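Student: Please take a close look at one part of this model, namely the empty space inside it and the elements around that space. I should like one connected account rather than a list.

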Amino acid sequence: MDITIRRLKTEQEKKKAAELLKDSEPWITLRRTYDQCMETMHDPAKERFGVFSGREQIGVVVIDMNGWLKGYIQAVCIEKQWQGKGIGSKIMEFAETYIFRYAKNVFICYSSFNPRAGKLYDRLGYEKVGTLHDYIVEGHDEILMRKTIGPIAPAHCLFQADTLP
């Protein structure tokens, strides 16, 4: 199966990505609207990539390379008829390769009502680092996971309290 992942280039691709997000889990249960998804498509702090089979846009991945969770995969979405074909693993491999060029950690959350995503992330070597209870909507938790290639600061950069003036 020939899958291409590249930056979203056109407004039409961004609109398609927003539709994909809005019409899929976990975004349905988390009550994300089309307008909120379009905000993500135009947020300059986000990296947005489309997933294509030939010319057909079948998915999207959104990455945030800012802040304390630099390397956060904010969204992964694949059209329903393309799920279960290994494309999610290909998207994750792409996102990890991209993030590890600039950061030591990859972070991702999955919703408690989506254990299938958690199993994929477990299989790909992610570790659970915390649970955010009722974080987005009441009654559902977000589970934060991390994959690392090392700490963000080398040991020689850390200070000791007894060396402070």
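Tutor: A cavity here is a set of grid points where a 1.4 Å probe fits but cannot get out. With that rule, and bearing in mind that the model is predicted, the count comes to one cavity of 30 Å³ or more. The largest cavity has a volume of about 50 Å³. Its lining is formed by Leu-21, Trp-27, Arg-32, Cys-37, Thr-40, Gln-74 and Ala-75. Sorted by class, these lining residues are four nonpolar, two polar and one charged. Two elements, α2 and β4, each supply at least two residues of this lining.

The helix pair beside this space deserves attention next. Helix α1 spans residues 11-22 and helix α2 residues 34-42; their axes come within 8 Å and cross at roughly 135 degrees. The two helices are therefore oblique to each other, and α1 passes α2 in a right-handed crossing. On the side of α1, the contact is made by Glu-11, Lys-14, Lys-15, Ala-17, Ala-18, Glu-19, Leu-21 and Lys-22, while α2 contributes Tyr-34, Cys-37, Met-38, Met-41 and His-42. By class, the contact of α1 with α2 holds seven nonpolar, one polar and five charged residues. Leu-21 and Cys-37 belong to this contact and are also among the residues that line the largest cavity.

The loop between α1 and α2 contains Pro-26. A cis peptide bond joins Glu-25 to Pro-26, with omega about 10 degrees. As background, most peptide bonds are trans.

Glu-25 and Pro-26 lead on to the open space. The largest pocket has a volume of about 1200 Å³. It is lined by 47 residues, of which Glu-25, Pro-26, Val-76, Asn-114 and Ala-117 are the closest to its centre. The elements that give two or more residues to this lining are α1, β4 (72-78), α3 (87-100), β5 (105-111), α4 (115-123) and β7 (142-148). Strand β4 provides the largest share, seven residues. β4 thus takes part in the lining of the pocket and also supplies at least two residues to the lining of the cavity. The pocket lining divides into 25 nonpolar, 10 polar and 12 charged residues.

Two of the helices in that lining, α3 and α4, also pack against each other. Their axes lie 11 Å apart at an angle of about 55 degrees, and that makes α3 oblique to α4. The crossing of α3 and α4 is right-handed. Gly-88, Ser-89 and Met-92 of α3 make the contact with Leu-120, Tyr-121 and Arg-123 of α4. In this contact three residues are nonpolar, two are polar and one is charged.

One further backbone feature concerns the loop that precedes β7, a strand named above in the pocket lining. Asp-134 lies in the loop between β6 (127-132) and β7. Although Asp-134 is not a glycine, its phi is positive, at about 50 degrees. By way of comparison, most residues other than glycine have a negative phi.

Definitions and conventions:
Residues numbered from 1 in each chain as written. Predicted model: local features only at pLDDT ≥ 70, side-chain atom pairs only at ≥ 80, totals over all residues. Heavy atoms only, no water. Axes fitted to C-alpha atoms, helices over the stretch in contact; angles between N-to-C directions. Helix = DSSP H or I, 4+ residues; strand = E, 2+ residues; numbered from the N terminus. Parallel < 35°, antiparallel > 145°, perpendicular 65-115°, else oblique. Left-handed = near helix turned anticlockwise from the far one by under 90°. Contact = heavy atoms within 4.5 Å. Nonpolar A, V, L, I, M, F, W, Y, C, P; charged D, E, K, R; others polar. 1 Å grid on protein atoms, 1.4 Å probe; cavity = no way out; pocket = protein on both sides within 12 Å on 5 of 7 lines; lining within 4 Å. Points joined across faces, edges and corners; volume = space filled by probe spheres on them.
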